[in-house]
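Welcome to this short tour. Please open the viewer, load the structure and keep the selection tool at hand.

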Amino acid sequence: MSDWISDVLLFSAGVAGGVLICSLASSFSAAKRQRSALENARERILAAIKEQHDQAILHEAFQTTQDIRGELDKSLETLRKTLTTVLDPVAPLSSNPSSPTDGLFSYPASRMKTHSRG
C-alpha cells in the first residue's frame, strides 16, 4: 500500500510541477511579447523623431538656399547697375565714330599743341 500512495504523490507532484512550469513559461512569453511590443513602439517613435529631425534639417537647408539665392540676386542686380553706370557714360563721349579713341580722351582738340617741322 505504501507503494501506491508514494506513486500517487509522485504523480501529483509531477502534474503540479508541469502546471507550474507551463504557467511560468506562459508568463515569461507574455512578458517577452510585451517587451517586443514595447521595443516595436520604441522603434516607431525613434523613427518618427528621426524623420522629423531630417525634415527640419531639409527645411533649414532649403531656407538657407533661398537666402543665398536672394543674396546672389541682390549681388547680380548691383553688378548690373554698376556695369550700366560704368558703360553708359562712354557712349556720349564718342562723337566721332570714325576715330575709336576719341571717346577715351576727354582733352579738347583745340588745346592740343601742334608742332610744325620745317
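Start by selecting Lys 74: with a relative accessibility of 54%, this residue counts as exposed, since the cut-off for that class is over 50%. Bear in mind as you look around that this is a predicted model.

Now add Glu 71 to the selection. Its side chain and that of Lys 74 meet in a salt bridge, at 3.9 Å from N to O. The two residues lie three apart in helix H1, so about one helical turn separates them. Glu 71 is partly exposed, because its relative accessible area of 49% does not reach the level of over 50% that exposed residues need.

How many salt bridges does a search of the whole structure find? There are two, so let us visit the other pair. Select Lys 50 and Asp 54, whose side chains meet at 3.5 Å, again taken from N to O. Here the spacing is four residues within helix H1, which also puts about one helical turn between the partners. Lys 50 counts as exposed at 53% relative accessibility, while Asp 54 is partly exposed at 34%. As a general point, side chains of opposite charge can pair when their charged atoms come close.

Next, follow the helix to Leu 87. Helix H1 covers residues 2-87, and Leu 87 is part of it. Is Leu 87 buried or exposed? At 56% relative accessibility, Leu 87 counts as exposed.

Keep Leu 87 selected and add Leu 76, Leu 79, Leu 83 and Val 86. Together these five residues form a nonpolar patch on the surface. Their joint accessible area is about 470 Å². Showing them as a surface in one colour is a handy way to view the patch.

Finally, clear the selection and zoom out to the whole chain. Colour by secondary structure: the chain has two helices and zero strands. How many of the 118 residues count as buried? That share is 2%. The chain exposes about 11,100 Å², and carbon and sulfur atoms supply 64% of that area.

Definitions and conventions: Residues numbered from 1 in each chain as written. Predicted model: local features only at pLDDT ≥ 70, side-chain atom pairs only at ≥ 80, totals over all residues. Heavy atoms only, no water. Patch = residues over 30% accessible without salt bridge, like charges linked within 9 Å, V, L, I, M, F, W, Y side chains within 5 Å. Areas by Shrake-Rupley, 256 points an atom, 1.4 Å probe, with all protein chains shown as cover. Salt bridge = Lys/Arg side-chain N within 4 Å of Asp/Glu carboxyl O. Buried < 20%, exposed > 50% of the residue type's maximum accessible area, 1.4 Å probe, protein only.
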